[in-house]
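Let's take a walk through this structure together, starting with each chain and then turning to the place where they meet. Have your viewer at hand as we go.

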Amino acid sequence: MERSVCGATCEACGATSYPRHAVCPQCGGRKFTDLEIGGEATVLTYTDVYALAVDFETRYLRLAMVEFDSGLRATGQLLDDDPRIGKRVRTDVGVVRRPGDEKIEGLQFYPI
Amino acid sequence: MRPVYIVGAGMCKFGRSEISFSELMCLSSMVALEDANLGDVPVDGVVVANMGAARVNRQTAIASALVDQLCLYPATAEAVENGPASGASAFKVAVQAIASGMSDVMLVTGVEMMRAVNGLEGTDFVASLAHPEAEYIYGVTLPSLAGMFARLVMDRFGVERKHLAMVAIKNHDHAMMNPYAHIQQPITMEGILTAPEAVVNNPPIADPLHLFDCCPVSDGSASVILASQEAAERLGGVRVRVAGIGQATDTHAVHEREDPTDLKAVRIASQKAFTMAGLSQSDVDVVELHDAFTILEIAESEAAGFFERGKGHLALEQGETRLGGRLPINVSGGLKGRGHPVGATGVAQLVELTWQLRGDAGDRQVEDASVGFACNFGGFGNNVVASVLRREA
């Protein structure tokens, strides 16, 4: 099974984006190649959320926005007991949500 | 464009509704129609603002249902779903109908009955506005977006939890003067922040935001009647002119914004509304902002241009945004105190401004208010509608 989360690189201008758009935010191009999202990043902000949506059997979730060294950013689950703004993290892809028997995979950030 | 006037306004008390969805829509609509006292002037069209009836109340085509309840046939009817900005969006659609000359009198009703489902379902229904692949799957809910936003703003601009508490205390105090408000409960800095029991009274919801930083989940409806100049002149009374409306969008995923603390859509929508009105921020006497979370009142007060960036919390601290202050914000209680039936909120803001400009706001009346501003914040700032209303002699 392919374990990756992808953004897009515009074939016309080379601009990268995550998440994908139907049209390149920079040049309006419509052809893209997959851009795997991952690697090391810096925590931009985070929260422990207790107001949960359905599908989560936990008391709270720790979510974060991170910035990769490329400048791209992503939102995901932060698996770090000592979170702070500016901390370096590494990215993995794992199960982030379980609606019924389904398993949805996505970005998870761990301390380095 | 033809000038457009608000000639009637009404709402029900927000809170928990025991009546049916259709009855809830009718309630504020009938109050607003009575307020407008239309006589033999017909209603040409109805626009209903709502976000979740299809999912939460299992009812669709709700504007047709409202026309039927009110026997307004053959009036035009459509519903507008634009997330939490549905209310002001529906208002904008109705204003355009009159400004274009296609209609003369329009009814706009915002309605939401979200307490029909449990808290988990309700939170999930609102969370479904987040980016499906880049946010929602991770468990992102509106409180979590607000929590991440708040942490970043607090880190950069020196906003502290006490400032967030000041917004909550102010808006609860204001709501005590609003008989239509969901929350009628005075709170203190000790009770929600500084006393030892505050940890129990005010638990975290999306750290650094706590319970009293978040608006309640409410049912409710709010309505306005809009009219062309000719129709408004036939009706008489104090005229409230829709002086300007501005709308702007931004990226769906919050992390994709160049500066996630910059509420760019609020900035652009507000500028557009002021430009259309030919007025500026310094002309405004009374403001309704979309404080679904306390941090948003501070951030929107800056993005809408009332205070410099990073200075909104200082104006709050000085009491400038309280009733009696230089620029009263959310004298209705805001979303925090009045409540937040999602589709109704944008209309309720305009109902409050109408009452303020007509001098009908009772104990919470801002003295001699002649220009009002409202910001209806959709998504997490990815779709914002700003309105400027002005009293005409």
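The paragraphs below go from overall fold to contact surface to core. Before anything else, please keep in mind that this is a predicted model.

Let's begin with chain B. Its secondary structure consists of 15 helices and 11 strands. If you align the view with the principal axes, the C-alpha trace spans about 60 × 45 × 40 Å. How does the radius of gyration of chain B fit that of a compact globule? For 393 residues the expected value would be near 21 Å, and chain B has 19 Å, so the two agree. Burial can be read alongside this: 63% of the 393 residues in chain B are buried. Sequence separation adds another view, since you can ask what part of the contacts with a separation of 6 or more joins residues 24 or more positions apart. In chain B that part is 78%.

Now to chain A, which has 0 helices and 8 strands. Following the sequence, you simply meet one strand after another, in the pattern β-β-β-β-β-β-β-β. The C-alpha trace of chain A spans about 45 × 35 × 25 Å along its principal axes. Of the 112 residues in chain A, 34% are buried. Among contacts in chain A between residues at least 6 apart in sequence, those joining residues at least 24 apart come to 43%.

Next, where do the two chains meet? The contact involves 27 residues of chain A and 29 residues of chain B. On the chain A side, at least two residues each come from β4 (40-49), β5 (61-68), β6 (73-78), β7 (88-97) and β8 (104-111). Of these, β4(A) gives the largest share, with 6 residues. Sorted by class, the side of chain A that touches chain B holds 18 nonpolar, 6 polar and 3 charged residues.

Finally, let's look inside. In soluble globular proteins, nonpolar side chains tend to be buried together. Here the largest nonpolar core counts 168 residues, and V48(B), V224(B), L226(B) and I295(B) have the most contacts inside it. Helix α15 of chain B, residues 342-358, provides the largest share of this core, 9 residues. To see one spot in detail, center your view on V48(B). Which residues is V48(B) in contact with, leaving aside its neighbours within four places in sequence? They are M25(B), I62(B), A63(B), L66(B), A79(B), A90(B), T109(B) and V111(B).

Conventions. Residues numbered from 1 in each chain as written. Chains lettered and ligands numbered in written order. Predicted model: local features only at pLDDT ≥ 70, side-chain atom pairs only at ≥ 80, totals over all residues. Helix = DSSP H or I, 4+ residues; strand = E, 2+ residues; numbered from the N terminus. Rg over C-alpha atoms; globule rule 2.2 N^0.38 Å. Buried ≥ 20, exposed ≤ 12 C-beta atoms within 10 Å, placed from the backbone. Contact = placed C-beta atoms within 7 Å. Nonpolar A, V, L, I, M, F, W, Y, C, P; charged D, E, K, R; others polar. Core = buried A, V, L, I, M, F, W, Y, C linked by C-beta atoms within 7 Å.
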